[in-house]
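Visitor: I have a model open on my screen and would like to know what stands behind the labels people put on it. Could you take me through them?

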Amino acid sequence: MRFGGFRSLQLRLAVRLAILYVAAAIVAVGILAYQAYDTAGSLNDRELSLRAEDLARAVVLDSAGQPRLDLPSKLASAYAAAPEDDLFAIRDTNGRVIAASPNEFGERVSKWPPATGEPRYFRLSGVDSEDFGSEVYYGLSVALQTAAGPMWISVARTEGSDALIKSILREFIIDAMWVGPLLMLATLGIGIFAVRNGLKPVREISRMASSIGPNTTSVRLPEQNLPTDITPLVASINRALDRLEQGFAVQREFTANAAHELRTPLAIITSALETMHGNGELGKLKADVARMNRLVEQLLRVARLDAIALEFDTVDVNKVASSVVAMMAPWAIAQQRTIAFVGTEKPMEVKGNAHALEDALRNLVENAVVHSPAGTEVTVTVDRAGRIDVADRGMGVPPKDRENIFKRFWRGAGEKKEGAGLGLAIVSETMRAHRGSVSVADNPVGGALFTLSFPPLQSADAKIAGRRATTFFQRPQA
């Protein structure tokens with residue numbers, strides 16, 4: 001059976017368990033009902049046999065040596081209370097009726113063949129015998145040993161006399177029919193709990209696997225204490241992670257080595273060009289070399305982000321942003337733009353790496369300055385909500401390109417600005433390492449608005465940061 005609509009493994013297992021339980025319950029109830037009704041019939045037959053044995057024990061010899069029936073008072077009262085419901089007839093081996101109740105039943109039995117040691121069952125109805133009205137009787141004839149010698153004893157009772165037993169059985173079956181679903185639900189709940197508990201190692205493995213990324217390629221999934229069905233899968237995933245880590249290492253090493261090897265010849269070329277005097281072509285050459293230096297520097301930053309796990313501490317992004325603005329303001333003025341900084345009165349602290357955040361914000365500010373018209377202003381704003389906004393007055397970013405601009409080496413169609421398309425990728429990867437995000441939207445006054453969003457400090461980190469801030473502000477008073 002397929003469960004295409006059930007995506008959950010534990011739900012599939014639980015449903016299968018429920019189906020098996022329902023099928024088993026139906027079969028069990030059917031067998032139980034059959035056995036119950038069969039037992040009811042056996043009880044009825046057993047009761048008739050016991051009646052015949054009671055009658056046999058009541059047959060004695062009189063003073064003349066003739067057999068007669070001497071019923072105990074309780075048994076005689078029982079037969080006298082309902083003579084139309086309980087019938088009996090006793091014959092000797094010659095077929096002569098010794099006793100009967102009622103007499104009409106004895107007359108009919110006298111015409112029957114001799115009884116044997118094995119009970120012979122019969123059924124009488126009003127259609128067959130007008131003497132007994134419209135009742136249907138069920139009985140047996142059997143040969144039993146008595147104090148007066150062997151006798152043929154026939155007993156019968158109305159078929160409705162076992163109605164109590166059948167009523168109890170019907171009530172039992174009805175109860176089983178409504179109790180069954182409750183038991184099924186309880187079993188299903190227990191099954192889901194058992195399956196969920198059994199799949200706990202899978203959930204733990206999934207949680208650990210979800211934490212593995214480009215910056216955590218050395219993490220491996222544990223292969224101990226796992227179900228034997230899952231161990232081969234986990235082992236295969238770990239081998240795949242080994243291959244991926246090796247590939248990442250080769251790529252990172254190549255990028256870092258290539259960028260590092262390029263720095264020395266580029267530095268030599270840059271120094272040589274500074275001492276030369278020439279026409280406008282030399283200026284273009286210097287610009288090209290400067291662009292190559294910037295590209296190499298960005299490649300090194302990317303390599304550091306990929307290869308080195310950042311060490312985090314409590315960082316005041318208000319201080320980081322003001323430092324970056326102060327450092328880049330002269331360069332922006334040289335580009336005929338200005339940079340404005342709007343900070344917070346109190347420190348705005350996050351968990352992060354100050355150097356990585358400086359690199360990311362510097363790339364973002366540089367991108368904003370490059371894409372802003374001459375004579376305009378780039379604004380860097382830090383707010384208490386854990387965000388840094390960088391707004392420019394450029395052409396903005398079309399909605400269709402807002403996801404692509406953060407990819408490595410991506411440049412929009414018709415892009416004329418210089419650059420290799422690594423600056424915003426560095427910003428995105430830095431924020432991802434800080435468990436934050438970078439987004440771009442339209443600047444309300446025209447241009448683009450880039451936002452760096454940081455996760456809030458955990459309670460313990462916030463308390464530590466609060467103590468540090470208090471100490472910092474109290475120290476001048478000492």
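Guide: Gladly! Keep in mind that this is a predicted model. A search of the whole structure turns up 11 salt bridges, which makes a good place to begin.

Visitor: Why is the contact between Arg-51 and Glu-47 called a salt bridge?

Guide: The closest N and O atoms of Arg-51 and Glu-47 are 3.6 Å apart. The cut-off for a side-chain nitrogen of Arg and a carboxyl oxygen of Glu is within 4 Å, so the pair qualifies. Both residues sit in helix α1 (residues 9-57), four residues apart, about one turn of the helix.

Visitor: What does that spacing do in a helix?

Guide: An α-helix has 3.6 residues a turn, so residues three or four places apart point the same way.

Visitor: Is Arg-51 buried or exposed, and how do you know?

Guide: Arg-51 has a relative accessibility of 19%. Buried means under 20%, so Arg-51 counts as buried. Its partner Glu-47 has 31%, and a value between 20% and 50% makes a residue partly exposed, so that is the label for Glu-47. These two also belong to a network of salt bridges that links Glu-47, Arg-51, Asp-86 and Arg-157.

Visitor: What makes Arg-96 and Asp-92 a salt bridge?

Guide: Their side chains meet at 3.3 Å, N to O. That is within 4 Å, so the label holds. Asp-92 is buried at 9% relative accessibility, while Arg-96 is partly exposed at 43%.

Visitor: Which label does Arg-207 get for exposure, and why?

Guide: Arg-207 has a relative accessible area of 52%. Exposed means over 50%, so Arg-207 is exposed. Its side chain forms a salt bridge with Glu-204 at 3.1 Å, N to O, and Glu-204 is partly exposed at 34%. Both residues lie in helix α5 (residues 200-210), three residues apart, about one turn of the helix.

Visitor: Now the rings. Why is the pair of Tyr-79 and Phe-88 called edge-to-face?

Guide: There are six aromatic pairs in the count. For Tyr-79 and Phe-88, the ring centres are 4.9 Å apart and the planes stand at 65°. Centres within 6.5 Å make a pair and planes over 60 degrees apart make it edge-to-face, so both tests are passed. Tyr-79 is buried at 5%, and Phe-88 is buried at 4%.

Visitor: What makes Phe-105 and Trp-112 a pair as well?

Guide: Their ring centres are 6.2 Å apart, which is within the 6.5 Å cut-off, and their planes are at 90°, so this pair is edge-to-face too. Phe-105 has 0% relative accessibility and counts as buried. Phe-105, Trp-112 and Phe-122 form one aromatic cluster.

Visitor: How do you know how enclosed helix α10 is?

Guide: Nine of the 11 residues of α10 (residues 423-433) are buried, so the helix is largely enclosed by the rest of the structure. Among them are Leu-424, Ile-426, Val-427 and Met-431. After α10 comes Arg-435, whose phi is positive, near 60°.

Visitor: What makes β9 and β13 edge strands?

Guide: They belong to an open sheet of five strands in the order β9-β11-β12-β14-β13, with mixed pairing. The strands β9 (338-342) and β13 (437-442) each pair on one side only, and that makes them the edges. From one strand to the next, the twist averages 15°.

Visitor: How do you know that β9 and β11 count as paired?

Guide: Two strands need at least two bridges between them; β9 and β11 (residues 377-383) have five, in the parallel sense, so they pair. One example is Ile-339, whose bridge partner in β11 is Val-378.

Visitor: Which helices lie against this sheet?

Guide: Helix α8 (residues 317-334) packs on the sheet, touching β9, β11 and β12 (387-391), and its direction makes about 165° with that of β9. Helix α9 (residues 354-370) lies across β9, β11, β12 and β14 (448-453), running at about 25° to β12.

Visitor: And what does the whole protein add up to?

Guide: The protein has 11 helices and 14 strands, and 34% of its 478 residues are buried. It exposes about 28800 Å², with carbon and sulfur atoms supplying 58% of that area.

How values were computed
Residues numbered from 1 in each chain as written. Predicted model: local features only at pLDDT ≥ 70, side-chain atom pairs only at ≥ 80, totals over all residues. Heavy atoms only, no water. Buried < 20%, exposed > 50% of the residue type's maximum accessible area, 1.4 Å probe, protein only. Areas by Shrake-Rupley, 256 points an atom, 1.4 Å probe, with all protein chains shown as cover. Axes fitted to C-alpha atoms, helices over the stretch in contact; angles between N-to-C directions. Contact = heavy atoms within 4.5 Å. Phe/Tyr/Trp six-rings, centres within 6.5 Å; stacked < 30°, edge-to-face > 60°.
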